[in-house]
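Me: Got a minute to go through a model with me? I'd like to start with the aromatic rings.

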Amino acid sequence: MNSARRLTHSIERWIAPRPGRRWTMRGAGTVTFKRVAVIGGGVVGLAVAERAVRLGHDVTVLEKEDSWAVHQTGHNSGVIHAGPYYKPGSLKAAMSTAGNRSMTAFAQEHDIPFEICGKLIVAVDEEEIPRLRALHERSIANGVPVRMLTAAEAHEYEPDVASVAALRVETTGIIDYTAVSVRLAELAAEHGATMMRSTEVRNIHDTAGGVQLEHDGGTVDADLLINCAGLYSDRIARMAGLVPEARIIPFRGEYYELTAEAGALVRGLIYPVPDPDLPFLGVHLTRMIDGSVHAGPNAVTALAREGYTWRDINVGEAFGDLTYPGFLRMASHNIPLGISEVWRSFSQRTFAKSLARLVPAIGRNDIVRAAAGVRAQAIGRDGRLVDDFLIQRTENQVHVLNAPSPAATSALEIARHITAVSELD
């Protein structure tokens with residue numbers, strides 16, 4: 001930090017009101033500045049922390065790993081989503097569309113590499129065209145710039161794609177969300193946040209008007225707890241005395257990477273038409289910001305919250321998750337899908353055939369196993385996957401209990417929402 005910046009930072013800290021003091025801003029109401037504890041150092045937690053400290057609050061971030069963005073943020077496909085899939089009026093729909101703009105602006109401001117490349121959602125047979133048209137209508141309702149394409153028009157974007165029709169989503173992009181997270185952490189620290197890594201929260205107690213967090217090295221007292229713990233968000237909620245509305249079930253998304261030669265078959269992003277009766281989008285092809293092309297993910301139940309391979313097994317976690325009534329109900333309604341996903345997990349040939357449905361020239365020898373990710377998917381006791389962001393609140397706690405894709409795209413908007421509902425603005 002140069003001398004001018006240090007002086008500005010010092011002045012900001014000197015004039016900033018202390019926690020608990022009331023500060024009246026011209027043209028606005030009265031805001032009480034608070035001690036805020038954020039659990040979780042992924043992109044959502046860091047976005048919340050950066051916004052809260054920039055608003056003048058005393059912020060502490062607690063992350064159990066020794067680096068930022070280790071889990072969901074660091075293992076996703078790096079897509080800046082545009083929002084064509086989500087139910088109009090939902091948080092996902094509104095925040096994805098707004099997040100597409102705010103994340104792009106953030107990347108521009110902070111020199112983070114990104115590209116607005118657009119994507120194709122392709123119908124590979126006539127039976128998929130009605131679903132593609134319905135997706136077009138939903139996109140329009142969500143304010144997403146899209147165009148229906150003929151097969152010939154789709155081939156102008158992706159010459160090797162199999163398509164009878166396609167939907168072109170113009171504002172989809174690609175980015176490195178780990179780089180975004182690191183920059184958010186830097187900004188939070190520059191504005192005075194206390195950034196604690198290698199610090200796992202062990203217990204949470206109510207105090208007079210606030211909470212106390214016990215962690216590996218001591219305690220943190222806060223007026224407001226914001227839980228952005230991702231894969232462990234439901235456990236943190238229970239630790240804090242809340243009965244969560246859903247349980248996190250970890251689904252491992254397994255990826256392959258196309259060889260350099262096969263990567264030339266894909267120019268941008270190619271997605272299938274999603275089946276509305278199935279819980280996930282299906283395997284797709286994504287050109288990453290580094291130029292590589294990733295293929296996937298499939299979706300299999302992980303046997304640990306951090307179960308990145310079949311060898312990663314936590315008996316206690318797996319037993320609790322797999323015997324949860326909501327999971328059992330969900331699984332009973334998706335037995336054929338579950339079997340096919342597990343089979344594809346072990347069969348490289350089957351995985352390649354799924355990709356060849358989109359790009360017929362891709363074969364078994366064109367893909368190489370890549371790192372997997374684990375999606376924290378909330379499931380209600382009725383067996384339904386929570387299909388929107390889920391945020392539960394008490395007087396001095398906010399718990400982000402479902403924030404899968406497009407949460408990374410929407411991180412700045414989720415932060416804006418949380419600081420607003422928590423009266424931190």
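Reply: Sure, ground rule for pairs: rings of Phe, Tyr and Trp (its six-membered ring) pair if their centres lie within 6.5 Å, and planes under 30 degrees apart count as stacked, over 60 as edge-to-face and the rest as tilted. This is a predicted model, so local features need pLDDT of at least 70 and side-chain atom pairs pLDDT 80 or more, while totals for chains, interfaces and linings use all residues. Residues are numbered from 1 along each chain as its sequence is written, and side-chain values use heavy atoms, with hydrogens and water left out.

Me: Ok, how many aromatic pairs does the structure hold?
Reply: Three. One of them is Trp 310 with Phe 346, a stacked pair at 5.3 Å centre to centre and 15 degrees between the planes.

Me: Which parts does that pair tie together?
Reply: Trp 310 is in the loop between strand 21 (300-301) and helix 9 (315-322), and Phe 346 is in helix 11 (residues 335-346), so the pair links parts 36 residues apart in sequence. Helices (H or I, at least four residues) and strands (E, at least two) are DSSP runs, numbered from the N terminus.

Me: Any charges sitting over rings? What lies over the face of Trp 310?
Reply: Arg 252, at 4.6 Å from the ring centre. Lys 119 likewise lies over the face of Tyr 271, at 3.6 Å from the ring centre. The test is NZ of Lys or CZ of Arg within 6 Å of the ring centre and within 35 degrees of the ring normal.

Me: And is Phe 346 buried or exposed?
Reply: Exposed, at 58% relative accessibility, whereas Trp 310 is partly exposed at 28%. Buried means under 20% relative accessible area, exposed over 50%, partly exposed in between (1.4 Å probe, protein chains only).
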